[in-house]
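Subject: Handover of a structure

Dear colleague,

Please find below the structure that I am handing over to you. I would ask you to keep it open while you read the notes that follow it.

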Amino acid sequence: MSLTTTPAARARAAARRSWWADGLEAAMWLAAVSGIALMIAAGGLQATSGADWLYTLGRALGIVAAVLMMTQVLLASRAPWVERAIGHDRAIAKHTRLGKVAIILMLIHATLLTTASGIFDGRDPVSQFLAWPQYGWFMLFAQIAVATFVVVLITSLTAVRLRWPYERWHAVHMLVYFGVAFAVPHQFLEGSTFRTGGLSWWFWAVLWTVSIGSFVAYRLIRPLVLLARHDLRVAAVDTLADGSTSVTLEGRDLARLRAQAGQFFLWRFLSPQLRTQSHPYSLSAAPGDRLRITVKPSGTGSSAVRSLTPGTRVLVEGPLGVFTHGSRTASHLVLVCAGIGVTPVRSMLEAAQEGDTITVVVRARSREEAPLLDELEALAAERGADLHVLLGHRGDTWGTREQPALIKDFVDDPRGADVYICGPRAWALSVEADALAAGVPRDSVHREEFGW
Ligand SMILES: Cc1cc2nc3c(=O)[nH]c(=O)nc-3n(C[C@H](O)[C@H](O)[C@H](O)COP(=O)(O)OP(=O)(O)OC[C@H]3O[C@@H](n4cnc5c(N)ncnc54)[C@H](O)[C@@H]3O)c2cc1C
């Protein structure tokens, strides 16, 4: 994998990424505005009575909600151009935010149209809602979509309150896609903006095809294609002194995966215990003929990794994430990690180029609890990196009580440094805040989150 090397090339790559991210957001709002313009062009702005106004507003909100739905499906599709443009965790954060707004707007759309149509037809809103299927099967589908979105909204709140396990929350969350699929037909068959054929029909059809098509292609079909193409299997399983497990994987022509050090995959090990779960784990070694991950046991899925046996087949989604050398903007590479956050840092160190100025800072309670520390020490010596291991208890800084630390202790020229941070969220946020306060530019601070 070629790396972006010169500062000018790095600056151009950073500008391109930011352009793509802004472009995606602009495209979303442009699509919403265009949809409303097409609605008006189709005569959708007849507002002579209060009910007309409700109806018009309901239709406009429906269009905005549908565009937000398309965008959130696209953001969760793992399409490589989305992942490269904004990075996986930012894509998922945006997906979550847009998803909530989209569901609420979708419910307001249904309420307004039901109320206004009820006024036109002389029915109360409940009778009008129940009467929708008389208009066609697609309105029954729309009702199912509304019911699904209500269930998702209520269970999202319950899941937070009851602290559901990730798998249960995820299963309910997947209902959103079911709801989206049921909501689409009435937009083409009932809504008077897109039903009429011509430009507006094509406009809407292309948007939905890109969104749902990317989801089906990258989340459902691609993992199966990768399994067939690479025949990825567990080659070795090693339990480490700190209790983590390293899993080495082998397969055919792994270079074609174009994985980069620091990236992660979603791994579905096809063993009886793990085949129903897919978990994100970063590469803990630079990718080559083999891949390697290192997993700390934290719940049922990660604890079961140590019982994997060589030969187990593996379905993967990825590679994902922009915590890579490709995101660098400056020449001084500063890698800061704590706990199992060492995994992407270790692979990035291994993939660092000769001549790079590298500083690595590792924080841990004790040597015994620091995964992969011996490997990191060997690599740091080999790459000529300046390695600092901060051991001890929590203190006033993100270092330890015994060895306090601030970014300025390790970086002479903050404008010439890229700081990569991976570790527990609260700790990583305090390193990030310190890096920004020290004068490291926003685009040069890279943080990988191990939870969404
Ligand atoms: C980008 C990324 C890279 C990661 N890299 C590593 C790594 O290199 N080594 C390592 O040990 N851990 C890594 N993790 C964390 C790891 O994914 C979770 O610890 C693991 O999925 C927990 O699953 P569980 O069944 O053991 O625990 P659970 O008790 O089911 O979950 C514990 C918490 O882990 C998170 N989680 C669980 N399953 C998933 C999932 N499928 N997707 C996203 N989050 C989930 C949730 O926040 C949940 O609250 C990474 C996480 C992310 C997001």
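The notes below cover the basis of the model, its core, one strand residue and the ligand.

This is a predicted model, in which local features need pLDDT of at least 70 and side-chain atom pairs count only at pLDDT 80 or more, while totals for chains, interfaces and linings use all residues. Residues are numbered from 1 along each chain as its sequence is written, and side-chain values use heavy atoms, with hydrogens and water left out.

The largest nonpolar core (buried Ala, Val, Leu, Ile, Met, Phe, Trp, Tyr and Cys residues joined through side-chain atoms within 4.5 Å) has 49 residues. Buried means under 20% relative accessible area, exposed over 50%, and partly exposed in between, with a 1.4 Å probe and protein chains only. Among the residues with the most contacts inside this core are M69 and W208. Leaving aside residues up to four places away in sequence, W208 touches (heavy atoms within 4.5 Å) A66, M69, M70, V180, V184, Q187, F188 and G213.

H446 counts as buried because its relative accessibility is 10%. Its contacts, again without residues up to four places away in sequence, are F323, S327, D418, V419, Y420 and I421.

Around the ligand there are 22 residues (each with a heavy atom within 4 Å of the ligand). S278, H279, P280, K296 and S302 come nearest. A polar backbone atom of S278 is 2.6 Å from a nitrogen atom of the ligand, and a backbone N or O atom of G299 lies 3.0 Å from a ligand oxygen atom.

Yours sincerely

Terms used
A polar contact is a pair of N or O atoms within 3.5 Å; within protein, one must be able to donate a hydrogen and the other to accept it, and residues adjacent in sequence count only if both atoms are side-chain atoms.
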